[in-house]
Structure formats: C-alpha cells, structure tokens
Amino acid sequence: MIILLLVIGAVFIIYGALVASGKHTPISSKMMVEEENLKRWCRSAGISKMVWGVAIIFLTFYLLNLFPKTLWGICFLIIAVWNIQYTVKNNEKFMK
C-alpha cells in the first residue's frame, strides 16, 4: 500500500506538471472554462495537482513512521487544507 501511495503521489506531480505547462488540458475544463481563461486556469489547476502529489507523499512518510512522524502529519494537514482553499478559489474565479 505504501508503494502505491508513493506512485500515486508521483503520478499527481507528473500530471500536474503536464497540465500547468499546457501540454495537457483536461476535457472537462475545456467545456467549463472560457477559452481566454483556459491557460491561466490550467496553470493554477496544475499547481494544485502537484501540491496534492506532495501532500500524498507527506502522508506516506507519516504512515511509514519516519522521524519526525508528527511533522509529516502536520505538513500533510496544512498542505491539504491550503490546497482545498486554493482549488475552490481557482474554480470560482474561472469556471462558468
């Protein structure tokens, strides 16, 4: 399970980088975001996906009991809460 979480975290980081760079645009965003805002939305959404990848990796470190365990748990919670707020603001700003 731990290896699966690390792989999922890495996939989120890679996918986020592709979206942020404009090399991949999710189909749903093409329908929900106006064309002139699509590039800015993709950049923000890509950053959000990369941050989720980092959060999943921090969660994995926490579950592995890596020293200091509390630090990894706190980092995961802070990043997760911040990223939820960031994503909501981004979607409110750009979604139709």
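What covers the buried residues of α1? Among the elements doing this job is α3 (38-63). These close-ups all come from a predicted model.

**View 1. Helix α1 and its buried side.** Helix α1 runs over residues 2-21, and its 20 residues reach 29 Å from first C-alpha to last, close to the 28 Å expected at 1.5 Å a residue. Leu5, Gly9, Gly16 and Val19 are its buried residues. They sit on the same side of α1 because they cover an arc of only 95° around the axis. Flip to the face turned away from that buried side and you meet the exposed residues Ile3, Leu4 and Ile14. Right after α1 comes Gly22, with a positive phi near 90°.

**View 2. The stretch 46-64.** An unreviewed UniProt entry lists these residues as "transmembrane region". Over 46-64 the chain is 95% helix and 0% strand, with the end C-alpha atoms 27 Å apart.

**View 3. Phe61 meets Trp72.** The structure holds three aromatic pairs. In this one, the ring centres of Phe61 and Trp72 are 4.9 Å apart and the planes are at 70°, so the pair is edge-to-face. Phe61 belongs to α3 and Trp72 to α4 (residues 69-94), so the pair ties together parts 11 residues apart in sequence. Trp72 is buried at 18% relative accessible area, while Phe61 is partly exposed at 22%. Phe58 joins Phe61 and Trp72 in one aromatic cluster.

**View 4. Trp82 and Tyr86 in α4.** Here the ring centres of Trp82 and Tyr86 are 4.9 Å apart with planes at 15°, so the pair is stacked. Being four residues apart in the helix, Trp82 and Tyr86 are separated by about one helical turn.

**View 5. Lys69 over Tyr62.** The charged end of Lys69 sits over the ring of Tyr62, 4.7 Å from the ring's centre.

Note on methods
Residues numbered from 1 in each chain as written. Predicted model: local features only at pLDDT ≥ 70, side-chain atom pairs only at ≥ 80, totals over all residues. Heavy atoms only, no water. Helix = DSSP H or I, 4+ residues; strand = E, 2+ residues; numbered from the N terminus. Expected span 1.5 Å × (residues − 1). Buried < 20%, exposed > 50% of the residue type's maximum accessible area, 1.4 Å probe, protein only. Arc of directions from axis to C-beta. Contact = heavy atoms within 4.5 Å. UniProt positions renumbered as here; feature names shortened; annotations may be inferred. Phe/Tyr/Trp six-rings, centres within 6.5 Å; stacked < 30°, edge-to-face > 60°. Lys NZ or Arg CZ within 6 Å of the ring centre and 35° of its normal.
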